[in-house]
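Please open the model in your viewer and keep the selection panel at hand. The tour moves from one selection to another, with a short account of what is found at each stop.

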Amino acid sequence: MEIFDVAIVGGGPAGSSCAAFCALSGLHTLVLERERFPREKVCGDCLNPSCWPVLERLGLTQRVWDLRHSKLTSVEFIAIDGHKVIVDFPTGDDCELSIKRSLFDELLLRRARELGAHVRGETTVTTLAHDGDWKIETGLHEAFCARTLIGADGRNSTVARLRNLLPRPARERVALQAHIPLPRNFGKRIVLQFLREGYSGQAPVNESELNLCLVGRPPTISRLRQWAQRHFEIPADQPWRTITPLTRAPVPCAQENLLFIGDAARVVEPFTGEGIYYALRSGELAASAIAKIIGGKDRQFALREFARASAEMYWGRLWINRLARAAVLSPRIGSLFVRAARINPSILKLLTTKIVYPKKAS
Ligand SMILES: Cc1cc2nc3c(=O)[nH]c(=O)nc-3n(C[C@H](O)[C@H](O)[C@H](O)COP(=O)(O)OP(=O)(O)OC[C@H]3O[C@@H](n4cnc5c(N)ncnc54)[C@H](O)[C@@H]3O)c2cc1C
């Protein structure tokens with residue numbers, strides 16, 4: 001049987017980024033992806049400016065700009081009582097962009113393929129065995145063999161579950177997402193709106209569509225959906241994509257010849273819109289570690305380096321994400337924060353700035 005240097009389970013931003021960087025390093029790379037691309041995903045579709053350096057290293061900057069997108073100019077926070085605060089985004093090339101995941105993820109996976117990765121779509125990994133190499137079986141009873149394995153299969157990672165590493169999910173909240181017609185005069189802003197039952201994120205993804213996300217608890221999510229139907233005049237039979245959990249403990253990202261990246265490793269609160277950046281960057285970091293391991297360098301050292309660099313990626317950012325989670329878990333407190341920011345906007349501006357003007361380097 002053909003033996004790959006690395007098999008990557010999942011072809012989202014984490015898996016595709018990792019595959020592209022592995023292929024760039026000359027590794028014999030396999031991607032196994034459950035879905036048939038292009039596919040949509042429950043996401044706000046917003047690209048944090050931190051993504052640009054990684055996209056540049058993937059040779060994708062211009063091709064991302066060429067996709068149908070919206071260049072976002074500001075974020076508007078709306079409290080439960082309707083009070084609003086607007087914070088402007090960076091302008092220029094380091095800006096915040098929104099792009100439908102069907103387009104963005106397809107581009108990334110195509111790039112991995114162009115660079116030499118073997119990509120198998122509509123292929124669901126169901127079984128794993130490790131005896132020096134990894135033996136990977138799929139729902140169609142195909143088998144693949146690889147020296148190293150990457151779990152890039154999202155928040156409900158099958159790889160983590162099969163290795164008994166998946167933390168018990170906290171099923172406290174659920175997210176719904178849909179693309180709906182863009183309301184007239186919506187502008188180029190993101191709206192983050194606190195509601196009694198949870199919150200809603202809204203962003204234009206092109207000149208005619210709005211990405212609409214709703215986050216709430218199972219007992220109240222249908223009331224949020226009704227709010228959205230009234231507010232945006234959308235039909236009751238509007239199809240929604242759904243995902244859960246929105247919170248779970250991280251999976252230890254560096255195991256023996258097995259690394260976890262993106263949401264499979266750590267799920268962050270969607271409110272701050274950074275998950276795609278963590279996926280892209282952790283994919284790049286994992287590729288560097290795998291290249292060292294396959295190249296015969298000290299494996300333990302490579303694994304430690306990967307774990308350290310992965311943790312570093314979150315430094316200075318995770319506390320804001322936790323703060324956002326605290327605010328959205330209690331929309332009333334989040335709303336009080338927005339009202340306070342109307343009197344003194346500097347704190348909200350500072351927090352937003354920390355998210356959208358990331359520190360340089362990675
Ligand atoms: C409501 C909401 C809004 C969000 N908004 C934003 C935002 O605006 N900006 C942002 O940056 N982040 C946002 N995020 C987070 C972002 O969506 C994720 O962080 C990002 O998708 C993680 O990428 P990933 O590649 O790790 O995982 P995923 O994108 O989940 O990709 C995993 C892939 O693995 C595949 N897969 C799963 N199981 C298997 C299997 N057994 N075999 C083979 N393949 C498998 C799946 O089909 C999928 O394609 C949001 C999240 C939510 C819930």
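The stops below cover the ligand, the nonpolar core and two sheets of this model, which is predicted.

**The ligand and its shell.** Select the ligand first, together with the 40 residues that surround it, of which the closest are Gly10, Gly12, Gly44, Gly262 and Gly275. The elements that contribute two or more residues to this shell are α1 (13-24), β12 (174-181), β15 (209-216) and α7 (275-294), and α7 supplies the largest share, with 4 residues. If you colour the shell by class, you should find 19 nonpolar, 13 polar and 8 charged residues.

**The nonpolar core.** Next, turn to the largest nonpolar core, which has 108 residues and in which Ala7, Cys18 and Ile261 have the most contacts. The largest share of this core, 11 residues, again belongs to α7. Centre the view on Ala7 and, setting aside its neighbours within four places in sequence, show its contacts, which are Leu30, Leu32, Trp134, Ile136, Phe144, Ala146 and Leu149.

**The three-stranded sheet.** Now select β3, β7 and β4, which form an open antiparallel sheet of 3 strands in the order β3-β7-β4. Both β3 (46-47) and β4 (70-72) are edge strands with a single partner each, so one side of each is left without a neighbour in the sheet. The antiparallel pairing of β4 with β7 (residues 96-98) runs over 3 bridges, and within it Leu72 stands opposite Glu96 of β7.

**The seven-stranded sheet.** Move on to the open sheet of 7 strands, whose order is β6-β5-β13-β14-β15-β12-β16 and whose pairing is mixed. Its edge strands, β6 and β16 (241-243), each pair on one side only, and neighbouring strands are turned by 15° against each other on average, direction ignored.

At the β6 edge, β5 (residues 74-78) and β6 run antiparallel and are joined by 5 bridges, with Phe77 opposite Val85 of β6. These two strands form a hairpin with 5 residues between them, and Gly82 in the turn has a positive phi of about 95°. Show the side chains of β6 (residues 84-88): Val85 and Val87 are buried and point to one face, whereas Lys84, Ile86 and Asp88 point to the other and are not buried.

Finally, select β14 (residues 198-204) and β15, an antiparallel pair with 7 bridges, where Gln202 has Leu212 in β15 as its bridge partner. Adding helix α6 (residues 221-232) shows how it packs on the sheet, touching β12, β13 (189-195), β14 and β15, with its direction at about 150° to that of β15.

Technical notes. Residues are numbered from 1 along each chain as its sequence is written. This is a predicted model: local features need pLDDT of at least 70, side-chain atom pairs count only at pLDDT 80 or more; totals for chains, interfaces and linings use all residues. A residue is near a molecule or strand if its C-beta atom, placed from the backbone, lies within 6 Å of it. Ala, Val, Leu, Ile, Met, Phe, Trp, Tyr, Cys and Pro count as nonpolar, Asp, Glu, Lys and Arg as charged, and the others, Gly among them, as polar. A nonpolar core is a set of buried Ala, Val, Leu, Ile, Met, Phe, Trp, Tyr and Cys residues joined through C-beta atoms within 7 Å. A residue is buried if 20 or more other C-beta atoms lie within 10 Å of its own, exposed if 12 or fewer, and partly exposed in between; C-beta atoms are placed from the backbone. Two residues are in contact if their C-beta atoms, placed from the backbone, lie within 7 Å. Two strands pair if DSSP finds at least two bridges between them. Axes are lines fitted to C-alpha atoms, for helices over the stretch in contact, and angles run from 0 to 180 degrees between N-to-C directions.
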